[in-house]
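Visitor: I'd like a close look at a single part of this protein. Could you walk me through it once the picture is up?

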Amino acid sequence: MIEKTLKNIRKSFLNYFSNKNHRVVDSSNLVPNNDPTLMFTNSGMVQFKNVFTGLEKRDYKKAVEFGATHIRVGEAIMGSREDV
């Protein structure tokens with residue numbers, strides 16, 4: 001049996017979606033280095049912003065990433081997302 005480390009869980013998660021024709025992509029930095037319109041990553045989807053706004057096209061339709069770096073302001077300030 002495979003040891004349940006974060007590394008193995010991450011690999012298993014990414015392999016599952018990769019096997020279902022999703023492209024594995026890197027997550028964005030917490031502070032985006034190529035977008036002056038954003039102060040920080042608040043949703044973990046910054047790497048797709050140009051695709052959503054139509055500025056960029058990708059050669060895939062489905063993507064997956066693991067461990068998105070982002071800030072959950074509601075949790076940081078108020079204690080839980082239910083407070084937002």
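Visitor: Is Asp35 buried or exposed? Please take me through that residue and then the loop it sits in.

Guide: Happy to, and keep in mind that this is a predicted model. Asp35 has a relative accessible area of 13%. The cut-off for buried is under 20%, so Asp35 counts as buried.

Where should you look for Asp35? Find strand 1, which covers 23–24, and helix 2, which covers 49–52; Asp35 lies in the loop between them.

Now check what the side chain of Asp35 touches. One polar contact goes to the side chain of Thr37, at 2.4 Å. Another goes to the side chain of Lys49, at 2.9 Å. Helix 2 covers 49–52, so you can look for Lys49 right there in that range.

Stay in that loop between strand 1 and helix 2 and you'll also come across Met45. Met45 has a relative accessibility of 36%, so it counts as partly exposed. Together with Val51 and Phe52, Met45 forms a nonpolar patch on the surface. The accessible area of those three residues together is about 270 Å².

For one more stop, go to the other side of strand 1, to the loop between helix 1 (6–18) and that strand: Asn21 lies there. With a relative accessible area of 65%, Asn21 is exposed, whereas Asp35 is buried. Take a look at the backbone of Asn21 too: its phi is near 70°, a positive value in a residue other than glycine.

Methods
Residues numbered from 1 in each chain as written. Predicted model: local features only at pLDDT ≥ 70, side-chain atom pairs only at ≥ 80, totals over all residues. Heavy atoms only, no water. Helix = DSSP H or I, 4+ residues; strand = E, 2+ residues; numbered from the N terminus. Buried < 20%, exposed > 50% of the residue type's maximum accessible area, 1.4 Å probe, protein only. Polar contact = N/O pair within 3.5 Å; in protein donor to acceptor, adjacent residues only side chain to side chain. Patch = residues over 30% accessible without salt bridge, like charges linked within 9 Å, V, L, I, M, F, W, Y side chains within 5 Å. Areas by Shrake-Rupley, 256 points an atom, 1.4 Å probe, with all protein chains shown as cover. Salt bridge = Lys/Arg side-chain N within 4 Å of Asp/Glu carboxyl O.
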